Amino acid sequence: MKTQINQVTNSVIVTEGLAKSVLTSEGVLHILSSIDLIIKSGESIAIVGESGSGKSTLISLLAGLDKPSSGAIFLNGKSITMMDEDGRAALRNQLIGFVFQSFQLLPGLTALENVMLPLELRGDKTAKAAATALLHRVGLAQRLTHAPKQLSGGEQQRVALARAFVTRPAILFADEPTGNLDSKTGANIIELLFELNQENRTTLILVTHDHALAARCHRTIRLEAGCLV
Amino acid sequence: MSRFNLALRLLWRDSRSGELTLLILALLIAVSSSTAIALFSERLQSTMSQQAAELLGADLVITSPEFIAPAWLEQAQQLNLISAHTVEFHSVLIEHDELILASIKAISDTYPLRGVLKISEGDAGVESIVHQGPEPGTAWLDRRLLSVLKLKLGDTLAVGEKPLLVTKIITYEPDKKGDFFSFSPRVMMNNLDLLATGILQPGSQVHYYFQFIGAAQAIVEYKNWLKPQLNPSQRVMDSRENRPELSSALNRAERYLGLSSILVILIAGVAIAMATTRYTERHFDATALLRCLGLKQQEILWLYSSQFVVLGLVASAVGSALGYCAQVGLFYILRELLPQSIAPASIGSLFFGFIIGMVVLLGFALPPLLRLKQVSALRVLRRELEPRQPAVWLVYGLATSLISLIIYKYTHDLKMTVSVLGVGIISLIVLGLLIMGLLKLIQKRLDGMSLLWRLGLQGLLRNNRASISQILAFSITLVAMLLSFNVRNDIIDDWQQQLPKDAPNHFALNIFPNQVQDFKEDFKQQHILGSEFYPVVRGRLTAINQIAVQKRVSKDSQGDNAIHRDLSLTWTESLPNENKLQAGEWWVRLQPGLVSVEQKLAESLGIKLGDSLAFTVGSQQFNARVASIRSLRWDTMKPNFYMVFSPGTLDAYPSTFITSFYLAESQKELLNALVKKYPSTTILEVDLILQQFKTLLTQLTQAINFLLYFALMAGFIVLMAAVYVTLDQRIVEGALMRTMGANRRLLRAAQLIEFSVLGLLSGVLAVLMSELILFALYSQVLHISYHPSFYLWLLVPLFNAILISLVGCWGVRQVLNKPPLLILRGL
Ligand SMILES: Nc1ncnc2c1ncn2[C@@H]1O[C@H](COP(=O)(O)OP(=O)(O)OP(=O)(O)O)[C@@H](O)[C@H]1O
Ligand SMILES: [Mg+2]
C-alpha cells in the first residue's frame, strides 16, 4: 500500500483499471479495458498498435479530453476522473501540451498568435516574448505574422511544436505527429521534438506506427484490441 | 428514373438531418409574405374600384362645361355602355322673401347608374332607398332648404322660371362632390324641366356630368378613344384612377407594403444563398466521390438541382397557404377602414407567391449550387482542392434582375423601378462599405485588446462577407420598423402639440347673416370659445389675366385641385390672425376689387402681385386684382381661406357665415341645442374627424409592421444561416481551444461579445440611418419639426444586441457541448 502511494506521488501519470466502452447501435463496444499504467516524470513512452487498437482513445483519456467508463487517472497525483470539464481544461492548460497529426492550428490566427494562445489562456503577460523566442528556436523567425495557410505542412507542425512547448508542460502528448509529412520532413520534426523534450525535461507520450521512432523512447507500450500487452 | 430516386433519397436524408431547415424557412418566409401582399393588393384594388365607382356614380364620367358631341354618346352606345347625365349649377332661390344660394342638379332618367338615392317623405321621416331621381315637374330638396325657405312637402318651388312641386327630402346621393365646406344645399330635379327654368344661358357656369357603366374592357376602350378628343375644359374620370381620399392612403400603404415585401424577399434571398453555400460545402466530399464513381458534371448538376426544385415546389406550396392566412390577417387589421365585403382573390395572385418562391430559390441558390458541378474527383485524394467560387456577376446579376422584376411588378413604372433599384443599390453599397470600414477598424485595434475580446471580435471578422450581410439585413429591417413607428407617432404628436388645448374642435357652416348676432350671444352665454365669424361666398376661379386657369396647372397639383371645385371666398378688413403677409400690402381704406391669395396656391398657379383674377359666383362673373400674397397655417382648426377679398368686393352675392369653436367634453350637450335652434346650419365635429385620422394612421402602420415582422424573421434566418455556415469551423476551433485549456466560460463570453457587437453595430447603424431619413422626411416633405428620440438611440441597439446574442449563442451552443476529444479523432 505504501509503495503504491509512493509511486503515485513520484509519477506523472498513473492509471488504475482504466476502461472505455461506448454504446453503439450494435451493442456495447469495449474500446479499452483494464489499463494499468505508471509513467514517471521525464520518461518518454511510445504507444504502438494496429489501427483501431485504441491508441488515440487512450491518450484522449490520459489528457482528460474524455471521461473513462471506469477506473481512475491521476495526473501529478491528482485524480482527474473526479473533475468536471472546466476543471480538466484548467489542468490541461497547466500541465499538458499537444501535437496532432493534422497540426490543428487556428486558421484565423498568425503563427505567433497561435503560439501565444495557450499562454494567454493562462493570463501570462509575457506571452509575446516567450512565443517569439520559441518560434526562433524552431527556426521560424521569419514567419511570425504568417497565417497557417501560408505555411508548408512541416512549418505548420513546427508552429504546433512551439505551441506545445511554450507553456513548458509537464506532459506532452503527440498523436502520430509525422503522419501527414514526408519522411525527411518528419525526421526533422522528430529531431526537434526530442531536442525540445530534453531541454524542457518533459514527459513525452507519443503515438506512432514508426518502429525506429518507438525505439528512441525509453519505453514502448503495445495495445492490442484495447488491452496492454 | 433511378437517378431521380437517388435525388429524392438524398433530399429526404438532408432534410431529416436538418441540413435544409434554414433554407426551407427562408423560402417559406419569402413565399408567404409575397403571396400575402399579392392577394392583399389585388383584393384591395378591386374593392376600391367597386367603391370608387359608387362614389363617382359610374365607372367612367366625363365632366364638361357644355353638352358633349352626340358622336361621343353614339360611340358609347356602340360599345354597349349604359349612360346617364346630370347637370349641376348654382342658383339663388327666393321663397317667402327668404333667399339662398342652392346647388341644383338636374338628372336624366337612368340616373343613378351605380349606388342608390336615399329620401325621406316626412319631417322626421325614415329614410328609404330609391333607384331613380325625381319625375318631371317635381323637385327633391335638402332638408335645410325647407326650413330656410319656409317650405313644406307639397309646396311649389320656383327654380328660375319653372315652378316645381316639392315631393321629397333628399338625404343621400352617391356621387356627391366637394369638400366639407362646399355644402350648398341640394335641389334635385329632372332634366326635362331644365329648359323651362331659363337659367341655362350661354356663359352661365354649368357642369355637365356624363356617366357610363359597362364591361371593364369597353370602358378602357372608350376612354382611350375619348382622350385625344377632349378640350382643356373637359375631363374624364375613371373609377380605377380617380379615387377618394381614404383609398389614396390605402393605395400608398399598398405600395409601401409591396416595397417592404421586396425587403423580405431580399433578406430571405440572402439567407437562402448562405444556407445553400453551407449545403454546397458540406457536399463537396460526397460529390467528389460521386464523380470518382463516374458521374458526369452535367449529371451532378441535375442531381442537385432536381432536389432543389422538389424542395422549392413543396416549400412554395406551403408558403402560399401560409400567405393566404397572413393576408386574411391583414384585412382583419384594416377592417375598420374597408367596406364590409371584400372582393375575392383571383387564382393568379394565389400563384404569384408560388412563382416568386421558385424564382427566388433559383436566383439565390443557383450560383452557390453551381460550384458542386465543378468539384474535382481528385478531391477524394486531396481534400484541400476546393472548387472555384461562383462568378461575381452571376451572383449579383441574377439577384439584381430578379429584384428589379419584382419591384416592377409592384410599381408598374419603369422610372420608379429604376430609381428604387438605384437608390437601393447605392445605399446597400454605401452601407456595405461603411460596415466593411468599421470591421477593418476593429481588425486594426485587435492587437491591443485582451484575449477574450480578440476571440470574440475574431468571430465577427472571420467571415467578413457573412458579417456584412447580417449587419445589413438587421439594420435595414430595423430602419424600416423605426421609420414606420416614428412617422406615425410623430405625425399624431405633432398635430396634438400644435393644437392648443382649447383649439376649436367644431366648425359651424352656413350661418345666415341675420343669425350671426344670435350665435355670438349664445356663445357668450354658454361660455363657448369661438373664433371669428367669416362671411363665405362660394365661387370659382376661372381665369388669370384673361387666360383660362385650366391651361396653367399641372395635373394633381394643389392648383389643379383648387380650380376644379368651388372655393370659399371671404372678405375681411384686417389680416386674419394666423396669416402672414409675404408680398404686397394689406388694404387700408375701403377699396373694393382687391384680393389676397394664399402663397402655395399662388405658386402652384403662377399668380403674381397685380394679376387680374376672374371668378364666377352662380352665373355671374367678376374680377379682382391681386394686392397681396399671404402664408397661413392650415392646421389651426380655424377657418382659413385661399382667397380673401377687400370689403365691398363680394357685396352683390348672397353669403353665409362660418366660424369654429371649442366645446369641452362636458359641454357636448350644448351641441344639440345649437343644432335644434339653427337647423339650417351645418356643424362639423372635428374631433371625430381627427379620431378617424388617427385610426387610419394606426391601422395602416399596423399593417405595415405586420409585414416587417416577416422581415425581422428573415433577418434572424440570415443570422442563423451565417452561424451555420461557420458552425463546423467554430466547433473545431472551440474543441481545439478547450484542448489547450480554455474553459467554457471564456468561450461563451467570446461568443457573447461576437453577437452583441453584431447586434450593437446593426442597431447603431439602423438608428443613425433612420434618424437621417426622418430628418430629411420631416424637414423636406412632411414639414413637421424633427425631435431626435434619444431613448430609441439607446434602446434599439441595446435591445437588438440582447436579442441577437440570445439567438446567436443558441445557434452555436454545440461549440460548448461537443467534447474536445473530437479534435483527436481527426474529424
Ligand atoms: N465514440 C465512438 N463510438 C464508436 N466507436 C468508437 C468511438 N471512439 C472510438 N471508437 C472505436 O474505437 C476503436 C479505437 O479507436 P482509436 O481512434 O483509439 O484507434 P487508434 O488506435 O487511434 O487508430 P488509428 O491508428 O487508426 O488512429 C476504433 O475501432 C474506433 O472505431
Ligand atoms: Mg488514432
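User: How much area does chain A expose, and what share of it do carbon and sulfur atoms supply?
Analyst: This is a predicted model. In it, chain A exposes about 10,300 Å². Carbon and sulfur atoms supply 51% of that area.

User: What share of chain A counts as buried, and what makes a residue buried?
Analyst: The cut-off is a relative accessible area under 20%. Of the 229 residues of chain A, 54% count as buried. The chain holds 8 helices and 10 strands. Among its contacts with a separation of 6 or more, 69% join residues 24 or more positions apart.

User: Why is B:Arg454 called buried?
Analyst: Its relative accessible area is 10%. The limit is under 20%, so B:Arg454 is buried. The residue sits in helix H13 of chain B.

User: What does B:Arg454 touch, beyond its neighbours within four places in sequence?
Analyst: It is in contact with A:Glu120, B:Leu446, B:Asp447 and B:Met449. Contact requires heavy atoms within 4.5 Å. B:Ala750 is 296 residues away from B:Arg454 in sequence, with 8.1 Å between the two C-alpha atoms.

User: What makes the pair B:Arg454 and B:Met449 a polar contact?
Analyst: The side chain of B:Arg454 reaches the backbone oxygen of B:Met449 at 3.4 Å. The rule asks for N or O atoms within 3.5 Å, one able to donate a hydrogen and the other to accept it. The value of 3.4 Å falls within 3.5 Å, so the distance condition is met.

User: How do you know that B:Arg744 and A:Asp86 form a salt bridge?
Analyst: Their side chains meet at 4.0 Å, N to O. The rule needs a side-chain nitrogen of Lys or Arg within 4 Å of a carboxyl oxygen of Asp or Glu, so this Arg and Asp qualify. Across the interface of chain B and chain A the rule finds 2 salt bridges. There are also 5 residue pairs in polar contact between the chains, both partners at pLDDT 80 or more.

User: Which helices of chain B each supply at least two residues of the side that touches chain A?
Analyst: They are H13 (451–462), H20 (727–739) and H21 (744–782). The largest share, 7 residues, comes from H20(B). By class, that side of chain B divides into 11 nonpolar, 5 polar and 7 charged residues.

User: Why is buried area used to give the size of an interface?
Analyst: Interface size is often given as the accessible area lost when the parts come together. Here chain B and chain A bury about 2,200 Å² between them. Carbon and sulfur atoms hold 64% of it. The contact takes 23 residues from chain B and 27 residues from chain A.

Technical notes: Residues numbered from 1 in each chain as written. Chains lettered and ligands numbered in written order. Predicted model: local features only at pLDDT ≥ 70, side-chain atom pairs only at ≥ 80, totals over all residues. Heavy atoms only, no water. Buried area = accessible area lost by both parts, 1.4 Å probe. Helix = DSSP H or I, 4+ residues; strand = E, 2+ residues; numbered from the N terminus. Nonpolar A, V, L, I, M, F, W, Y, C, P; charged D, E, K, R; others polar. Buried < 20%, exposed > 50% of the residue type's maximum accessible area, 1.4 Å probe, protein only. Areas by Shrake-Rupley, 256 points an atom, 1.4 Å probe, with all protein chains shown as cover.
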